[in-house]
Amino acid sequence: MHELVGALRSYAWGSRTALAQLCGRPVPSAHPEAELWFGAHPADPAYVRLENSTRSLLELVADDPERELGAAAPEFGGRLPFLLKILAAEEPLSLQAHPSSAQARAGFERENHARVPLDSPMRNYRDENHKPELVVALDRFEALAGFRDPRRTVELLRALDVPGLRSYADLLAAQPDSAGLRTLFTTWITLPQNVLGTLLPQVLDGCVRYLSVKGAREFTAEARTTLELAEAYPGDTGVLAALLLNRLTLEPGQGLFLAAGNLHAYLRGLGVEIMANSDNVLRGGLTPKHVDVPELLRVLDFEPIDLPVVLPEPAGDGSVRYRTPAPEFALRRFDLTAGSGQVPLTAAGPGIVLCTTGTVRLLQGENELVLERGAAAWISAADTEIRAQAVDGDAQLFCACVGGGN
């Protein structure tokens, strides 16, 4: 077991306080800090502190995949199949979806054949992998995810009482299914700029009117989110598209799993995120980056869903687990009590252990490694009988490993 130094990623939507506070650094940070990557992704691998040197986890795994990954090495081509992150969103992320494995392979081959450079901003597929992902809230976490039941969306559009929305509400009411959602989404995302420039201000005025009525109202969160998105991304078609999605709030400890094809956008909050080790993203708006509408429509799943919150389940070893169907990863959480004994980290390797609260001592035989809040450790498949213990107060530990033990 070795300390793992995460790769800090700065994006405009990141926070100047959340990651800095978590890692015990001065606040505010010099730049928005969006993600802290703990993994072996080629774009930004984490680094392992060895006795007399520091090496990237990517190199460490590539040099001896059998030792580092064990039985998972042949299954995943000698590569660590997941990427663990801490995500800190101060502003909304782009509206996006991820492809299935078959879509990713076909898209990657197609763009390679067309000789689109891997680092091109016009590139959709940077690898041939799918990207299922799970986010677990560390504080209150807001998101848009999956297409809402069309009947409820019709109620929302009519509640805003916007003349320009009436024909669209009627269209969806006449076909309240995935086909109707596809038609409406396609219409909105391809609106001519002059039409969008007329409709969007009407929608925003409707949201303001809706929120001006005193008392609790059914679509308050949706109306507020629409105004917030329009302020962050003025004139963006993604503001309209967001009206079609479920609006979710995760409380600390609750999770959200996103399979291929689910359109989503994280709005704000701090969370632990784990995903298949891929960088394939199809964007649908709320971004200045490349939006490939035909490819996005090919990837999206328009089947309306009410995405269930992923609640932690007792795992029988003192931890709780977040169950998902993803073969690439599994995630458990250990809540360690001050003064309690040592807890075995079952099925820890190959994996990454991340401390999110307090201080944790990891022990293996005579060796020990202390993790402060925001610190992580790499546990290879060769590392066995790892134990954890809280130091000077309660502590929380996330343990990410290869799937199969979900």
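# A guided tour of the predicted model

Start by selecting C355, which is buried, with a relative accessible area of 0%. Keep in mind throughout that what you have open is a predicted model. With C355 still highlighted, show the cysteine sulfurs: C355 takes part in no disulfide, and the sulfur closest to it, which belongs to C23, is 10 Å away. Next, move to C399, another buried residue, with a relative accessible area of 2%. Its nearest cysteine sulfur is that of C401, and because the two sulfurs are 5.4 Å apart, they are too far from each other for a bond. For the structure, the count comes to 0 disulfides.

**The whole chain**

Now clear the selection and colour the protein chain by secondary structure, where you should be able to follow 12 helices and 21 strands. The radius of gyration of this chain is 22 Å, close to the 22 Å given by the globule rule for 406 residues, so the chain is as compact as a globular protein of that length. If you turn the C-alpha trace along its principal axes, it spans about 70 × 55 × 40 Å. Of the 406 residues, 54% count as buried. If you display contacts with a separation of 6 or more, 74% of them are between residues 24 or more positions apart.

**The largest pocket**

Which residues should you select to find the centre of the largest pocket? Choose Y11, W13, S94, R283 and K289, which lie nearest its centre among the 33 residues of the lining. The pocket around them has a volume of about 730 Å³. Then add the strands β3 (35-39), β6 (82-89), β12 (264-276) and β13 (282-285), each of which supplies at least two residues of this lining. Of the elements that contribute, β12 gives the largest share, with 3 residues. Colouring the lining of the largest pocket by residue class should show 15 nonpolar, 6 polar and 12 charged residues.

**The second largest pocket**

For the second largest pocket, select R79, L80, D127, N129 and N277, the residues nearest its centre in a lining of 22. About 430 Å³ of space lies in this pocket. Here the elements to highlight are helices, since α2 (57-63) and α5 (101-113) each supply at least two lining residues. By class, the lining of the second largest pocket consists of 10 nonpolar, 6 polar and 6 charged residues.

**An enclosed space**

How many cavities of 30 Å³ or more does a search of the whole structure find? The search finds 1, and the volume of the largest cavity is about 40 Å³. To see what surrounds the largest cavity, select L144, R148, E222, T225, T226, L229, A242, L245 and R247, which line it. Two elements, α10 (220-232) and β10 (245-250), each supply at least two residues of that lining, and the largest share, 4 residues, comes from α10. Sorted by class, the residues lining the largest cavity are 4 nonpolar, 2 polar and 3 charged.

**Backbone geometry to inspect**

The last stops concern the backbone, and a general expectation helps in reading them: most residues other than glycine have a negative phi, and most peptide bonds are trans. Go to the peptide bond from V27 to P28, which is cis, with omega near -5°. P28 itself sits in the loop between α1 (18-22) and β3.

Then select L286, in the loop between β13 and α12 (293-299), where phi is near 60°, a positive value in a residue other than glycine. Is L286 buried or exposed? At 0% relative accessibility, L286 counts as buried, because the cut-off for that class is under 20%.

Finish at E385, which lies in the loop between β20 (376-379) and β21 (387-401). Phi of E385 is near 55°, again a positive value in a residue other than glycine. With a relative accessible area of 69%, E385 is exposed, whereas L286, the previous stop, is buried.

Definitions and conventions: Residues numbered from 1 in each chain as written. Predicted model: local features only at pLDDT ≥ 70, side-chain atom pairs only at ≥ 80, totals over all residues. Heavy atoms only, no water. 1 Å grid on protein atoms, 1.4 Å probe; cavity = no way out; pocket = protein on both sides within 12 Å on 5 of 7 lines; lining within 4 Å. Points joined across faces, edges and corners; volume = space filled by probe spheres on them. Nonpolar A, V, L, I, M, F, W, Y, C, P; charged D, E, K, R; others polar. Disulfide = S-S within 2.5 Å. Buried < 20%, exposed > 50% of the residue type's maximum accessible area, 1.4 Å probe, protein only. Rg over C-alpha atoms; globule rule 2.2 N^0.38 Å. Contact = heavy atoms within 4.5 Å.
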